[in-house]
Amino acid sequence: MINKRAILGMLSIAAALAAGATSAADDAMVKKDLTAVIALQGLRCGQVTEVKTLGENDHMASCQDGNRYHVFINAQGRVVAQKQ
C-alpha cells in the first residue's frame, strides 16, 4: 500500500512532468523526478541518466543500470512506468 507521502510525491512528479523540460536545469529536475517515479513503482533503475521527451507527460528514461522505461500519465491520471 502506498502511503500519503508517496501519493503526494507522485502528484508533484506528475505536475513536473506536465510542465515539460525547457532548460538544462529543467532537464536535471526531470531526470530526478523520473528516477523517483521509477523507484516508487518498485522498478530497478539506479538513476535516470538520459531522457527523451516523446510528448506532453510522455518520456523515455534510460537508467544507469541499463534499463529503459516509458514514463507517462495514463487516462486515469496516474503516473505509469513501463519497462521497455
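In this predicted model, Cys-63 has a relative accessibility of 6% and therefore counts as buried, the threshold for that class being under 20%. Cys-45 likewise counts as buried, because its relative accessibility is 6%. These two residues form a disulfide, with their sulfur atoms 2.1 Å apart, and the count of disulfides comes to one. The torsion about the S-S bond of Cys-45 and Cys-63 is about -100°, so the disulfide is left-handed. The pair links distant parts of the chain, since Cys-45 lies in the loop between α2 (24-40) and β1, whereas Cys-63 belongs to strand β2, and 18 residues separate them.

Within strand β2, Cys-63 also takes part in the pairing with β1, where Val-48 stands opposite Cys-63. Strand β1 (residues 48-55) and strand β2 (residues 58-63) pair over six bridges in the antiparallel sense. The hairpin that β1 and β2 make has two residues between the strands, and in this hairpin Asn-57 adopts a positive phi near 60°.

Both strands belong to an open sheet of four strands, which follows the order β1-β2-β3-β4 and shows antiparallel pairing. The edges of this sheet are occupied by β1 and β4 (79-83), each of which pairs on one side only, and the twist from one strand to the next averages 25°. On the β4 side of the sheet, strand β3 (residues 68-73) is joined to β4 by five bridges, again in the antiparallel sense, and Val-79 in β4 is the bridge partner of Ile-73.

Notes: Residues numbered from 1 in each chain as written. Predicted model: local features only at pLDDT ≥ 70, side-chain atom pairs only at ≥ 80, totals over all residues. Heavy atoms only, no water. Pairing = 2+ DSSP bridges. Axes fitted to C-alpha atoms, helices over the stretch in contact; angles between N-to-C directions. Disulfide = S-S within 2.5 Å. Buried < 20%, exposed > 50% of the residue type's maximum accessible area, 1.4 Å probe, protein only.
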